[in-house]
There are 2 protein chains.
Amino acid sequence: MPTEHTSRQFDSELETVRSRVLQMGGLVEEQVVNAIDTLINRRLELADEVIAGDLKVDAIEVEVDEACARIIARRQPTAVDLRMLMTVIKTITDLERIGNEAKKIANMSKLIYQAERLSTPRFSEIRQMSGIVLDMLRQSLDAFARLDPSAAQQVPRQDMQVDEAYRTCMNHLITYMMEYPRSISISLEVLFAAKAIERIGDHAKNMSEYVVYMVEGKDVRHTSFATNEREMA
Amino acid sequence: MPTEHTSRQFDSELETVRSRVLQMGGLVEEQVVNAIDTLINRRLELADEVIAGDLKVDAIEVEVDEACARIIARRQPTAVDLRMLMTVIKTITDLERIGNEAKKIANMSKLIYQAERLSTPRFSEIRQMSGIVLDMLRQSLDAFARLDPSAAQQVPRQDMQVDEAYRTCMNHLITYMMEYPRSISISLEVLFAAKAIERIGDHAKNMSEYVVYMVEGKDVRHTSFATNEREMA
């Protein structure tokens, strides 16, 4: 049997991992905010900051992944502790992918604004999607922090709103491209940026599902909790 | 200490999980082949088969995930066995995402061919990308099956070829859309299909990196093994 001393050490290791995930989440959230600010408000000075910041996100992912493997090997956790570590391993993968999407948005913003001064399609749907997606990310991280799946219960419904806003955005861009064929290249970059934001929503939704698994021990992926398809066709 | 009996049971459990992953890989490969056949050769009768087949892929993911958690909790594996299980958990996530992309391609094919009989852009780059991506998927699965990272060493280089073919494809589509603005909607579906194929390549590359981690115990993600960025900006 583990001594009380070992058990306290184990708890503190788990706590360290958990708080590192939340730090990673905070950093990723900041990356997304800055990437969207770059895109919508032409804040190009932020783009390189986002691109450089992604290396930090990647490094935390590798570090937390290794820490989880080390804890599983040494402490041989079971039940809820093991589920927590499995949840962390999955969550950091989605956070890393959200970081990638933020970096893509920063790169696309550079392309969009460095192009000749053609007219640019409007960003109203992108602004709307961004607001929802950031809220989803915050709620998922909050649910993870408080071990409370109910904190994330809005997330699947919000994901449907994002998907709908994405479709509206795409339809506007198609009309715009038909009217101004010379704007097609730049409109595609705007479309890809919208798609990247939509995918951030998918990842936030994945994260909210892991919290249910962690707390309740049941896998709700591919079920009705996941109201709509995880990724749009 | 585990008895010889327990150890044999453990080995057989690990072997079952490994072979289930390979089955899942075979199924996902078939899904991708059928989705691309639907798209390139207008084999619409395959589309619904792919869409239905995705439920099977999802079910295997959940099943293998649970099996891994059960084995870790009961057998408390360490070192190479634990790394193998962690690799499995990551690999099935990428396989499931590849399955999603195949489903998306099937759905897009329906949209492309159900639209009015407008002229459709040519598929030559998509054909080329598909060949490389399927090869990457097979090599990654083969490397996993043989626990041999060298079997996957072509994969990062192939991923760069896919990214290049994707860019060529996009440029052709942009030219096509400028020439035939009425084809913009359908051309975008073709572009999204190309993007889905490009992402399948990214997932195959992730899988090849996990094999290096499993066998050599080192994490090569975000390093020079991963020659280019995991996902294109």
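How do H6(A) and H5(B) lie to each other? They are oblique to each other, as the second view shows. Before we start: this is a predicted model in which local features need pLDDT of at least 70, side-chain atom pairs count only at pLDDT 80 or more, and totals for chains, interfaces and linings use all residues. Residues are numbered from 1 along each chain as its sequence is written, chains are lettered from A and ligands numbered from 1 in the order in which they are written, and side-chain values use heavy atoms, leaving out hydrogens and water.

**View 1. Meet chain A, a chain of six helices and zero strands.** Helices (H or I, at least four residues) and strands (E, at least two) are DSSP runs, numbered from the N terminus. Along the sequence, the pattern of chain A reads α-α-α-α-α-α. Its C-alpha atoms fill a box of roughly 75 × 40 × 20 Å, taken along the principal axes.

**View 2. Here H6 of chain A meets H5 of chain B.** Helix H6 (residues 184-216) of chain A packs against helix H5 (residues 155-179) of chain B at an angle of about 125°, and their axes are 10 Å apart. Axes are lines fitted to C-alpha atoms, for helices over the stretch in contact, and angles run from 0 to 180 degrees between N-to-C directions. Angles under 35 degrees count as roughly parallel, over 145 as roughly antiparallel, 65 to 115 as roughly perpendicular and the rest as oblique; H6(A) and H5(B) are therefore oblique. On the H6(A) side, look for A:Ile184, A:Ser185, A:Leu188 and A:Phe192; on the H5(B) side, for B:Tyr166, B:Met170, B:Ile174, B:Met177 and B:Met178. Contact here means heavy atoms within 4.5 Å. By class, these residues divide into eight nonpolar, one polar and no charged. Ala, Val, Leu, Ile, Met, Phe, Trp, Tyr, Cys and Pro count as nonpolar, Asp, Glu, Lys and Arg as charged, and the others, Gly among them, as polar.

**View 3. Within chain A, H2 and H3 pack together.** The axes of helix H2 (residues 47-75) and helix H3 (residues 79-114) of chain A come within 9 Å and cross at roughly 165°. H2(A) and H3(A) are therefore roughly antiparallel to each other. Their contact is made up of 16 nonpolar, four polar and eight charged residues.

**View 4. H5 and H6 of chain A also pack together.** Helix H5 (residues 155-179) of chain A and H6(A) pack at an angle of about 175°, with axes 10 Å apart. That makes H5(A) roughly antiparallel to H6(A). Their contact has 15 nonpolar, three polar and six charged residues.

**View 5. Two helix ends each lead into a residue with a positive phi.** Helix H1 (residues 4-41) of chain B has 38 residues and reaches 55 Å from its first C-alpha to its last, close to the 56 Å expected at 1.5 Å a residue (1.5 Å times one less than its number of residues). Just after H1(B), B:Arg42 takes a positive phi of about 55°. Just after H4(A), A:Leu147 has a positive phi of about 50°.

**View 6. A rotation of 180° with 0.0 Å of shift along its axis superposes chain B on chain A.** The RMSD is 0.0 Å, with copies superposed by least squares on the C-alpha atoms of residues with pLDDT of at least 70 in both. That is the relation of a two-fold axis. The same surface serves both copies: 98% of the contact residues of chain B recur in chain A.
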